[in-house]
Amino acid sequence: MSYKKLIYLLIFLFLALAILFLPGRLIKIKNIDCVSQYGPCPKEVDSKLEKFVGGSLARVRAGTKKILSQDLFVRDYSIQYKLPGTLRIDVILRKGKFALNKIGTSDFAVVDKDGTTLEIKNSTNLPIVRISDDFPKPGQQINERLLFASNITYDMYAFYQVRGAKINNDSLVVDITKEPTVIFPLEGDKDALLGGLRLIMSRLNKIAQDSKIEGVTEIDLRFKNPVVR
């Protein structure tokens, strides 16, 4: 390769790198617009992002990625630069689906649909599963059996307005107001168990003349053939 060609090649490479990297360092971000699937991003997230306003595109993008990737409530995100100086951030947030409560305490572990513990609170409006063991710390996963029980509790809340249930040995015990206590296993086909319960409740109510279940205090779904006592 001739000397001139080498010079031209080096100049070309320099210009290519300048075009690739310099804009991100020269462009200043004047505004950060963060939105989630529920509307504006939480104030906690906005306050962390605001400190980057006024920085270069490269710095703001790098800082934003670090903050969002470390935020437990952020499931996923995308970042887009918009002229003349706005960074648009779309965030998908994790949301609590149910809560765990250690029996004898007033603390609640908020858990999302995937079983990730999001935070510890002293009150909640979510369906509650009461357990005897310590619950996981924020960021940790609950085990499969507890997740199974929590999802059943969530559906029981939707069907029968049951706010809470309790893990008792290897079963989930659900007390329904003015209805029999229901005992679920901690594994199996959730939809089949709930469908079987609705069928049993329907038949029991049909038998009773006043549409109230009388004489039946417990429905045990842990066996292949449910036991009604």
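Colleague: How much space lies in the second largest pocket?

Modeller: About 190 Å³ in this predicted model.

Colleague: What makes Tyr38 part of its lining?

Modeller: A lining residue needs an atom within 4 Å of a pocket point. Tyr38 is listed as lining this pocket, so Tyr38 has such an atom. Pro42, Val45, Phe73 and Leu93 are also in the lining, as are Glu44, Asp71, Arg94, Lys95 and Gly96.

Colleague: How do you know which class each of them falls in?

Modeller: Go by residue type. Tyr38, Pro42, Val45, Phe73 and Leu93 count as nonpolar. Glu44, Asp71, Arg94 and Lys95 are charged, and Gly96 goes with the polar ones because Gly is put there. That fits the split of 5 nonpolar, 1 polar and 4 charged.

Colleague: And what about the largest pocket?

Modeller: That one holds about 280 Å³ of space. It has 15 lining residues, with Ile131, Asp133, Asn143, Leu146 and Ile167 nearest its centre. Helix α4 (144-160) and strand β9 (164-168) each give two or more residues to the lining.

Colleague: Why is Phe184 called a core residue?

Modeller: Members of a nonpolar core must be buried, which means under 20% relative accessible area. Phe184 belongs to the largest core, of 32 residues, so Phe184 is under that cut-off. Along with Leu100, Met156 and Leu172, it touches the most other members.

Colleague: What makes Leu197 a contact of Phe184?

Modeller: Contact takes heavy atoms within 4.5 Å. Leu197 is on Phe184's contact list, so the pair meets that limit. The list also includes Ile152, Met156 and Leu221.

Conventions: Residues are numbered from 1 along each chain as its sequence is written. This is a predicted model: local features need pLDDT of at least 70, side-chain atom pairs count only at pLDDT 80 or more; totals for chains, interfaces and linings use all residues. Side-chain values use heavy atoms; hydrogens and water are left out. On a 1 Å grid over the protein atoms alone, a cavity is a set of points where a 1.4 Å probe fits but cannot get out, and a pocket is an open set with protein on both sides within 12 Å along at least five of seven lines; lining residues have an atom within 4 Å of a point. Grid points are joined across faces, edges and corners, and a volume is the space filled by probe spheres set on the points. Helices (H or I, at least four residues) and strands (E, at least two) are DSSP runs, numbered from the N terminus. A nonpolar core is a set of buried Ala, Val, Leu, Ile, Met, Phe, Trp, Tyr and Cys residues joined through side-chain atoms within 4.5 Å. Buried means under 20% relative accessible area, exposed over 50%, partly exposed in between (1.4 Å probe, protein chains only). Lists of a residue's contacts leave out its neighbours within four places in sequence.
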